[in-house]
Amino acid sequence: MHAQPARQYAGPLIVDFRLYRVAFLPALLAAVTMMFSLQGVPEHVEPAVPTSGFEAGPAMALTREIVASAPDRSPGSEGDDLVADLVAERFGAIEAGTSSEQTYDSTFDGNDVSLRNVVLTLSGESDATIVVLAARDAAHEPAAASSAAATGVLVELADVLSVAGHAKTYVLASTSGGSDGATGARELLDGLLASDQVEAVVVLSQPGAAEPSQPYVVATSTDSASAAAQLRRSADRAVETQSGLSPYRPAAFEQLARLAIPSGLGEQAPLIAMGVDAVAISSAGERTLEPSRDQGEDLSVATVGEFGRAAQSLVQALDAAPGPLEHGPATHLEVGGNLVPGWTLSLLAIALLLPGLVAAVDASARALRRSEPLGAGIAWAASLALPAIGGLATLYLLSVLGVVPRPRFPFDPAPFEVGTAAVATFILVAAAMVASALPMRGRSRRTTVTRPAAAAGLGVASGVAVLVIWLANPYLGLLLVPAAHVWLLVARSERPAHTVTTALAAAASVLPVLAALAEVTAALDLRGDAPWILAIMVADGQIGFGVMLGLSFVAASLAGAILVSGREP
């Protein structure tokens, strides 16, 4: 229905803008609170000088043996089991440790599979535990510089650490399911966390790339939890000391984008979300190497040596640390040598949203006092979300039917390139959106909504939608706060803002979210596959239903503001 005036109205304001401006005072207090809540970044644990050095030669020999004997190591395959047997044999030969296995069932590529972790425990003087793990499976062949090299480095580290003195207990694990939602890492830590002794987890990820690329220390998560600040700094220092490569320092907005759109790849990502202090050491960044760059000829003995020694240096430095590592706030941004606690960003977000909510309540109360059709205004504003909801429902239906894949997150984006399924999905979703909009045309001809009621309805819809998103993810809510204020351009008693002005304001209000999407797309090197990967993340639940529903109503409120703008009061 169109927001059209039932009568001319030139009375008091639809919204008291003085009250709206006063409602910004809590935002000022939130900003001051943030300034006084900054914490210093903890210093790194000084890298240890290895008493017995990591040798690249044996690690490379085992890596080449794995590539030659088991190029196909998909989870639960014969190649996966063959390498598991090889690791178990090598672990069993270490007299100082105890070798064991952990079995579990999972699914991969639609098939039920039986997987296993091969574990070596090197007991120390205390039960405080440092875990080193490497996934031996791979979704592509032969994964030489990634999982094969990680397994080679893991076994060589086991040999080196078994003859070095250590105070804490070491657990070294060869896991499966790394290419399918880090299944093995989850299973391993589920068992170990019961003892409440795990101090840190070091993930060996892609340690053999011939052309190293940033970031060398990966500390992203599958949710809004942050990695331990001191562990991350210590890993950076270990890699820099052993390889001479400078650490990567993401900008503040990139860090915020990764919190607003949780999309961490690698086995450290779900572990951090579980509350574990974990990082991954990688010579090839966060995303899994492309098959064309992960062949036998892409292996580098120099890189394996440097990153193997970095892992050893980090583990022994953590062993020598006098106490638990400093985590910093559970969620934080690192800005200018300080940690900004995540709760202060959440507080700032709700404080900036508050004026829009206050104005929406004020507009609704005024509409009721004037006997405006407030219910019809809210219904009209909500109905504008029908196309987006119809498209979202179609996406979920296609995922149930198997058209849209639902891999467990985190997954390697490489196998999910835009193809027939993606094109069909986008066409069907677009058609569903158009079909969902058709009932609105007939209803609009039968119903009249005054501009005060329409403005109040838009205020309620946008404010509640952003509030719901804030409850699900306060960092995404922070980026969407401007969208909750656009409706005020049509909430004046005089002529509202021009349509072009409102459209520009609506476009500007979503720029922070679009910029965050661009940051994530660049960080994961998604390029043209980004829309399809995001659709899969929605289908598999990584981007939750509540967030998507809220986004539907935010989009509806912006569209409604443009429709109402330019109309006479």
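**Exercise 1. Work out which parts of the chain the salt bridge between the side chains of E334 and R232 ties together.**

Let's start with the contact itself: E334 and R232 meet through their side chains in a salt bridge, 2.5 Å from N to O. A word on the model before going further: it is a predicted one.

Step 1. Find each partner. E334 sits in strand β9 (residues 332-335), while R232 belongs to helix α7 (residues 229-243).

Step 2. Put the two together. Since one partner is in the strand and the other in the helix, the pair ties together parts that are 102 residues apart in sequence.

Step 3. Check how covered they are. The cut-off for buried is under 20% relative accessible area. E334 has 12%, so it is buried. R232 has 16%, so it is buried too.

**Exercise 2. Find out how E334 and R233 meet, and decide whether R233 is buried, partly exposed or exposed.**

Step 1. Look at the side chains. E334 and R233 also meet in a salt bridge, with 2.3 Å from N to O.

Step 2. Place the pair. E334 is in strand β9 and R233 in helix α7, 101 residues apart, so this is a link between distant parts of the chain.

Step 3. Classify R233. Its relative accessibility is 21%, so R233 counts as partly exposed.

**Exercise 3. Stay with helix α7 and describe the salt bridge of D236.**

Step 1. Name the partner. D236 pairs with R249, and their closest N and O atoms are 2.8 Å apart.

Step 2. Locate both ends. D236 is in helix α7, and R249 is in the loop between α7 and α8 (252-260), with 13 residues separating them.

Step 3. Compare the cover. D236 is buried, at 7% relative accessible area. R249, at 41% relative accessibility, counts as partly exposed.

Step 4. Zoom out. Searching the whole structure turns up 16 salt bridges. Elsewhere, D16, R18, D362 and R366 are linked in a salt-bridge network.

**Exercise 4. Say what kind of aromatic pair F17 and Y20 make, and why.**

Step 1. Get the count. There are 7 aromatic pairs.

Step 2. Read off the geometry. The ring centres of F17 and Y20 are 6.2 Å apart and the planes stand at 80°; planes over 60 degrees apart count as edge-to-face, so that is what this pair is.

Step 3. Add the helix. F17 and Y20 are 3 residues apart in helix α1 (residues 17-22), so about one helical turn separates them. Y20 counts as buried, at 14% relative accessibility.

Step 4. Try another pair. F411 and F416 are edge-to-face as well, with 5.3 Å from centre to centre and 75° between the planes. Both F411 and F416 are buried.

Step 5. Look for a cluster. Ring pairs join F17, Y20 and F24 into one.

**Exercise 5. Pick out the residues that touch the most other members of the largest nonpolar core.**

Step 1. Some background: in soluble globular proteins, nonpolar side chains tend to be buried together.

Step 2. List them. The core has 84 residues, and those touching the most other members are V15, W380, L458, W487, L488 and V554.

Step 3. Ask who supplies it. Helix α15 (residues 451-472) gives the largest share, 10 residues.

Step 4. Follow W487. Leaving aside neighbours within four places in sequence, its contacts include V15, A455, L458 and A561.

Step 5. Look beyond this core. Another core lies apart from it, with 61 residues, among them M60, A70, L161 and V279.

**Exercise 6. Trace the nonpolar patch on the surface and find the helix that gives the most to it.**

Step 1. Name the members. V22, L25, L28, V32, M35 and F36 form the patch, and together they have about 670 Å² of accessible area.

Step 2. Find the main contributor. Helix α2 (residues 25-36) gives the most, with 5 residues.

Step 3. Inspect one member. F36 lies in helix α2. Its relative accessible area is 71%, and exposed means over 50%, so F36 is exposed.

**Exercise 7. Decide whether Q316 is buried or exposed, and find its C-alpha distance to F54.**

Step 1. Place Q316: helix α10 (residues 301-320).

Step 2. Classify Q316. Its relative accessible area is 10%, so Q316 is buried.

Step 3. Take the distance. Q316 and F54 are 262 residues apart along the chain, and their C-alpha atoms are separated by 12 Å.

Terms used: Residues are numbered from 1 along each chain as its sequence is written. This is a predicted model: local features need pLDDT of at least 70, side-chain atom pairs count only at pLDDT 80 or more; totals for chains, interfaces and linings use all residues. Side-chain values use heavy atoms; hydrogens and water are left out. Patches are made of residues with over 30% relative accessible area and no salt bridge: like charges are joined within 9 Å, nonpolar side chains (Val, Leu, Ile, Met, Phe, Trp, Tyr) within 5 Å. Accessible areas come from the Shrake-Rupley method with a 1.4 Å probe; for residues, only the protein chains shown count as cover. A salt bridge is a side-chain nitrogen of Lys or Arg within 4 Å of a carboxyl oxygen of Asp or Glu. Helices (H or I, at least four residues) and strands (E, at least two) are DSSP runs, numbered from the N terminus. Buried means under 20% relative accessible area, exposed over 50%, partly exposed in between (1.4 Å probe, protein chains only). A nonpolar core is a set of buried Ala, Val, Leu, Ile, Met, Phe, Trp, Tyr and Cys residues joined through side-chain atoms within 4.5 Å. Contact means heavy atoms within 4.5 Å. Rings of Phe, Tyr and Trp (its six-membered ring) pair if their centres lie within 6.5 Å; planes under 30 degrees apart count as stacked, over 60 as edge-to-face and the rest as tilted.
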